[in-house]
Amino acid sequence: MENGIRIGKVSSIDYGRGMVKVVYPDKDGAVTDDLPYISLNDEYKMPEIGKNILVLHLSNGSAAGVVMGTYWNEGNVPPEAGAALF
């Protein structure tokens, strides 16, 4: 796998450690080792299995990286939208 920013899907979740494994369908279903899921403002909210996620792979190899989180797309739309919602 190339280094950099990639899109994958959550394959499995280790809730106790805050880690996820990511599958890359475009790479013949390759699955990463456990990667840490980023926490913003100490919020604990793990994604669901199968959700699309954004992964930042570090320059020292594709096995090292951080899952940046889910993103809004056709398969993941917000339940509500508006300027005053958090």
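The side chains of D14 and R17 meet in a salt bridge, with 3.2 Å from N to O, and by salt bridge I mean a side-chain nitrogen of Lys or Arg within 4 Å of a carboxyl oxygen of Asp or Glu. This is a predicted model, in which local features need pLDDT of at least 70 and side-chain atom pairs count only at pLDDT 80 or more, while totals for chains, interfaces and linings use all residues. Residues are numbered from 1 along each chain as its sequence is written, and side-chain values use heavy atoms, with hydrogens and water left out.

Let me stay with that pair for a moment. D14 is partly exposed, at a relative accessible area of 24%, whereas R17 counts as exposed, at 52%; the classes are buried for under 20% relative accessible area, exposed for over 50%, and partly exposed in between, computed with a 1.4 Å probe on protein chains only. R17 also meets the side chain of D34 in a salt bridge, at 3.0 Å from N to O. That second pair links distant parts of the chain, since R17 sits in the loop between β1 and β2 and D34 in the loop between β3 and β4 (35-36), 17 residues apart. D34 itself is partly exposed, with a relative accessibility of 28%. Through shared partners, these salt bridges join D14, R17 and D34 into one network.

How many salt bridges are there by this rule? The count comes to 3, and the one I have not yet described is formed by D26 with R6, whose closest N and O atoms are 2.9 Å apart. Here too the pair links distant parts of the chain, with D26 in the loop between β2 (19-24) and β3 (30-31) and R6 in strand β1 (residues 4-14), 20 residues apart. As for accessibility, D26 is exposed, at 54%, while R6 is buried, at 11%.

R6 deserves a closer look. Its side chain makes a polar contact with the side chain of D26 at 2.9 Å, where a polar contact is a pair of N or O atoms within 3.5 Å, and within protein one atom must be able to donate a hydrogen and the other to accept it, with residues adjacent in sequence counting only if both atoms are side-chain atoms. R6 also lies over the face of Y24, at 4.2 Å from the ring centre; the criterion is that NZ of Lys or CZ of Arg be within 6 Å of the ring centre and within 35 degrees of the ring normal. Not counting residues up to four places away in sequence, R6 touches Y24, D26, K27, I53, L54, V55 and H57, with contact meaning heavy atoms within 4.5 Å.

Now to the nonpolar side. The largest nonpolar core has 11 residues in all, namely V10, I13, V20, V22, Y24, L35, Y37, M46, I53, V55 and V67, and such a core is a set of buried Ala, Val, Leu, Ile, Met, Phe, Trp, Tyr and Cys residues joined through side-chain atoms within 4.5 Å. Two or more residues each are given by β1, β2 and β5 (52-57), and the largest share, 3 residues, comes from β2. In soluble globular proteins, nonpolar side chains tend to be buried together.

Two members of that core are worth tracing. Y37 lies in the loop between β4 and β5 and is buried, with a relative accessible area of 16%. Y37 and V20 are 17 residues apart in sequence but 6.6 Å apart in space, C-alpha to C-alpha. Beyond four places in sequence, Y37 touches G18, V20, K45, M46, P47, V67, G69 and T70. M46, with its neighbours within four places set aside in the same way, is in contact with I13, Y15, G18, M19, V20 and Y37.

T32, in the loop between β3 and β4, is buried at 6% relative accessibility, and its contacts, again leaving aside neighbours within four places, are V20, K21, V22, Y24 and H57.

Finally, the chain as a whole. The protein chain has 0 helices and 6 strands, helices (H or I, at least four residues) and strands (E, at least two) being DSSP runs numbered from the N terminus. Buried residues make up 26% of its 86 residues. Of the contacts in the protein chain with a separation of 6 or more, 47% are accounted for by residues 24 or more positions apart.
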